Amino acid sequence: MLTLSRILVSGAARVPAAAAVAASQSGATTITRFNSTAAQQQEKPKKTKFGPLADEDRIFTNLYGRHDWRLKGALSRGDWYKTKEILLKGVDWILNEVKTSGLRGRGGAGFPTGMKWGFMNKPSDGRPKYLVVNADEGEPGTCKDREIMRHDPHKLVEGCLVAGRAMGARAAYIYIRGEFYNESSNLQVAINEAYAAGLIGKNACDSGYDFDVFVMRGAGAYICGEETALIESIEGKQGKPRLKPPFPADVGVFGCPTTVANVETVSVAPTICRRGGSWFVGLGRERNSGTKLFNISGHVNTPCTVEEEMSIPLKELIERHAGGVRGGWDNLLCVIPGGSSTPLIPRHVCDDVLMDFDGLIQAQTGLGTAALIVMDKSTDVIRAIARLIEFYKHESCGQCTPCREGVDWMNNMMWRFVKGDAREAEIDMIWEISKQIEGHTICALGDGAAWPVQGLIRHFRPVMESRIAEFKQKQQARA
Amino acid sequence: MFLSRAICAAVSQSARQVRSLHRSAVRAGAGGIFVHRDTPDNNPDTPFEFTPENMKRIEAIILNYPEGHKAAATIPVLDVAQRQHGWLPISAMNKVAEVLEIAPMRVYEVATFYTMFMRQPVGKYHIQICTTTPCMLCDSDSILAAIQNKLGIKVGQTTPDKLFTLSEVECLGACVNAPMVQINDNYYEDLNTADIEQILDELKAGKVPPPGPRNGRFSCEPAGGLTSLTGPPPGPGFGVRSDL
């Protein structure tokens with residue numbers, strides 16, 4: 001077989017997807033046009049298969065706590081390596097790396113991190129800037145930050161330093177939920193070790209940059225996971241969210257410019273800077289790049305936390321790491337893919353949906369915190385959703401009427417739906433109530449309460465109607 | 001005349017729909033009713049003073065926050081007070097307000113908002129069971145029933161020997177280790193009914209069992225064996241870019 005092979009002087013060979021590669025046995029290059037700019041660029045064929053992640057691409061190497069979590073162990077696993085060089089590269093370099101990596105917030109909203117941290121990149125007006133790390137992990141289904149804080153706390157501490165440098169922050173406050181006492185204790189030990197080794201504090205890592213890290217324990221309020229409520233809580237008040245604008249980047253904690261970031265987002269920043277944003281962006285689909293910690297709970301054989309590539313198919317994630325659905329894939333009823341605030345998806349959607357932001361938005365749900373709650377056919381799905389609405393009712397701060405009254409109202413109705421003690425028109429009524437709550441509240445807790453109800457009605461309305469019919473029958477039989 | 005009859009009719013119509021106080025359930029906020037009622041144990045004169053050790057802790061906590069923002073220390077200092085006394089009588093809240101130089105109402109606001117602040121006496125071991133959906137799917141109902149049967153108390157009650165208080169709480173953030181309970185500061189995870197009974201027995205005997213999963217696994221790894229991170233972790237410098 002004849003292949004025209006030309007050795008390119010600069011740039012790598014452009015290898016079109018299937019074409020003539022098969023023809024050459026020695027891996028010689030195919031014809032390329034020297035005029036096209038594509039020939040100069042490093043072009044890789046677009047990835048179509050995502051996950052399983054190779055261990056060498058995993059960031060959280062001590063996720064399961066099998067190795068030493070203290071400074072010595074962290075150093076041996078590559079934390080705090082060349083941090084000084086990263087800090088000396090400067091604000092713009094770090095922000096550029098994070099932007100290139102395509103990292104999106106891992107706390108549930110998925111806002112592009114590079115852009116968010118860039119909002120703080122403005123000249124100081126005399127007020128110090130702060131980084132606040134949101135370790136108030138309370139979303140039902142989510143337990144990923146806990147593992148970072150107790151098994152790999154140095155990743156978080158280093159992340160605070162690197163992220164703080166990128167923002168020009170004076171100090172970081174890590175707000176950890178009060179129930180995580182042992183986790184906060186590990187974290188405080190790690191911070192003390194870092195101070196003792198000169199890695200943070202005055203002249204952090206010998207770079208001339210001063211940076212402090214403080215741990216603040218919360219006291220049991222899910223709403224304090226909302227960024228402005230978290231800021232209120234740090235200031236020593238009730239955790240009632242503020243209206244935005246003004247945004248935290250203008251007026252935040254103690255009235256100073258603040259960025260509130262999730263633990264996972266902050267913890268992966270040093271590794272991105274070390275290994276390059278281009279490595280991170282090579283994992284996952286476009287605009288949904290990198291790795292993510294997934295929590296798989298509920299009716300699976302081996303519930304676990306695992307770090308996997310973004311855009312991995314849902315089915316593969318569950319079958320490979322969580323031992324598959326209890327009773328086999330056919331026994332699956334539905335999955336809540338991103339923590340309780342995301343609507344559930346039924347079996348036929350789960351068959352081929354990809355676990356990333358865009359894929360799940362297309363399925364009318366969201367990635368959220370990537371906390372999968374798997375339910376099999378034995379589940380009373382109405383009761384499961386009713387319990388979630390009860391959770392939101394308890395956790396509502398009570399500031400704004402749609403949430404305080406509306407969620408309580410939805411809760412009462414949901415428990416009647418569990419019994420079937422309702423009329424069919426009330427299904428449309430609760431849909432309308434949820435629509436009146438969604439988007440009309442000060443913070444997103446209202447949305448978070450409305451979406452599960454909408455997901456239930458969208459996919460399981462027949463179950464609700466049959467429950468109502470059964471109850472009516474029983475009533476009539478008794479009468 | 002007619003107008004007043006119309007008003008009477010309207011009032012009685014709505015009165016029929018209003019539930020009388022004695023029939024409504026007391027609106028239970030976090031940790032009990034919102035209003036404070038003086039009792040012999042819990043009144044502004046209940047003795048409460050911080051120990052010198054705790055005062056040192058409080059001073060260190062205050063230093064975490066910028067000058068002039070002592071109020072930010074309200075939550076941690078209330079936690080110190082609760083750890084010292086076991087729960088928070090109103091005099092403790094007043095003391096916190098005094099130490100932090102803020103109005104007592106600010107402390108009451110915080111103490112009533114957050115669920116971990118107990119404003120009623122609590123037993124030595126506060127059993128908090130999570131019954132939110134991920135735990136409910138893994139049968140937290142039977143764990144709750146087992147605790148209730150073993151201790152003979154219902155949710156919200158304390159055993160007569162003041163050893164155990166049982167509460168039902170919202171998601172504790174250990175969902176892959178469901179079902180689980182939190183007892184004081186420790187999480188006991190991956191429970192079945194036999195496990196929780198054993199834990200309660202050990203607590204009664206005065207030993208605090210070690211926290212963590214009870215089904216043999218160490219933390220959050222898949223119970224059937226590792227599916228990731230199977231080899232030793234790479235060392236420093238692995239994959240690091242060359243221009244650093």
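How many of the eleven residues of helix 4 of chain B are buried? I opened the notebook with that. The model is predicted, and every value below is computed from it.

**Entry 1: helix 4 of chain B**

I looked up residues 90-100 of chain B, the span of helix 4. Nine of the eleven residues are buried, so the helix is largely enclosed by the rest of the structure. I listed the buried ones: Ile90(B), Ser91(B), Ala92(B), Met93(B), Lys95(B), Val96(B), Ala97(B), Val99(B) and Leu100(B). A lysine, Lys95(B), is among them.

Next I checked what these residues pack against. The partners are helix 2 (52-62), helix 3 and helix 5 (104-113) of chain B. I then looked just past the end of the helix. There Glu101(B) takes a positive phi of about 55°.

**Entry 2: Leu78(B)**

I followed the packing into helix 3 of chain B, residues 74-85, where Leu78(B) lies. Is Leu78(B) buried or exposed? Its relative accessibility is 0%, and the cut-off for buried is under 20%, so Leu78(B) counts as buried.

I pulled its contacts, leaving out residues up to four places away in sequence. Leu78(B) touches Leu88(B), Met93(B), Val96(B), Val107(B), Val110(B), Ala111(B) and Phe117(B). Met93(B) and Val96(B) also appear among the buried residues of helix 4. For Val96(B) I noted the spacing as well. Leu78(B) and Val96(B) are 18 residues apart in sequence, and their C-alpha atoms are 6.7 Å apart in space.

**Entry 3: the annotated cysteines of chain B**

I turned to the UniProt record, an unreviewed entry. Its "binding site" annotation covers Cys130(B), Cys135(B), Cys171(B) and Cys175(B). These four are spread over 46 residues of sequence, yet they cluster in space, with a largest C-alpha distance of 9.5 Å.

I took Cys135(B) to begin with. Cys135(B) is found in helix 6 of chain B, residues 133-137. At 2% relative accessibility, Cys135(B) counts as buried. Beyond its sequence neighbours up to four places away, Cys135(B) touches Cys130(B), Ser140(B), Ala178(B), Pro179(B) and Met180(B). Cys130(B), one of these contacts, is also covered by the annotation.

Then Cys175(B). Which elements flank its loop? They are strand 2 (164-169) and strand 3 (181-183) of chain B. Cys175(B) has 3% relative accessibility and counts as buried. I listed its contacts with the same sequence neighbours left out. From chain A, Cys175(B) touches Pro140(A), Gly141(A), Thr142(A), Cys143(A) and Ser297(A). From chain B, Cys175(B) touches Pro134(B).

**Entry 4: chain A overall**

Those contacts sent me to chain A. I counted its elements: 18 helices and 14 strands. The radius of gyration is 25 Å, close to the 23 Å that the globule rule gives for 479 residues, so chain A is as compact as a globular protein of that length. Along its principal axes the C-alpha trace spans about 90 × 70 × 40 Å.

I checked burial for the whole chain. Of the 479 residues, 60% count as buried. Contacts came next. Among those with a separation of 6 or more, 70% join residues 24 or more positions apart.

Then the surface. Chain A exposes about 18,600 Å², and carbon and sulfur atoms supply 52% of that area. I also tallied charge. There are 59 positive and 55 negative side chains, and the centres of the two sets lie 2 Å apart.

**Entry 5: backbone checks**

I scanned the backbone last. Most residues other than glycine have a negative phi, and most peptide bonds are trans. I noted the exceptions I came across.

Where are the cis peptide bonds I looked up in chain A? One joins Lys244(A) and Pro245(A), with omega about 5°. Another joins Pro245(A) and Pro246(A), with omega about 0°. Pro245(A) lies in the loop between helix 9 (227-234) and strand 5 (258-262) of chain A. Pro246(A) lies in the loop between helix 9 and strand 5.

In chain B I noted Asp190(B), which has a positive phi of about 50° although it is not a glycine. Asp190(B) lies in the loop between strand 4 (186-189) and helix 8 (193-204) of chain B. At 8% relative accessibility, Asp190(B) counts as buried.

Leu229(B) also has a positive phi, near 55°. Its place is in the segment after strand 5 (212-213) of chain B. Leu229(B) has 13% relative accessibility and counts as buried.

Note on methods: Residues numbered from 1 in each chain as written. Chains lettered and ligands numbered in written order. Predicted model: local features only at pLDDT ≥ 70, side-chain atom pairs only at ≥ 80, totals over all residues. Heavy atoms only, no water. Helix = DSSP H or I, 4+ residues; strand = E, 2+ residues; numbered from the N terminus. Rg over C-alpha atoms; globule rule 2.2 N^0.38 Å. Buried < 20%, exposed > 50% of the residue type's maximum accessible area, 1.4 Å probe, protein only. Contact = heavy atoms within 4.5 Å. Areas by Shrake-Rupley, 256 points an atom, 1.4 Å probe, with all protein chains shown as cover. Lys, Arg positive; Asp, Glu negative; His and termini not counted. Charge placed at Lys NZ, Arg CZ, Asp CG, Glu CD. UniProt positions renumbered as here; feature names shortened; annotations may be inferred.
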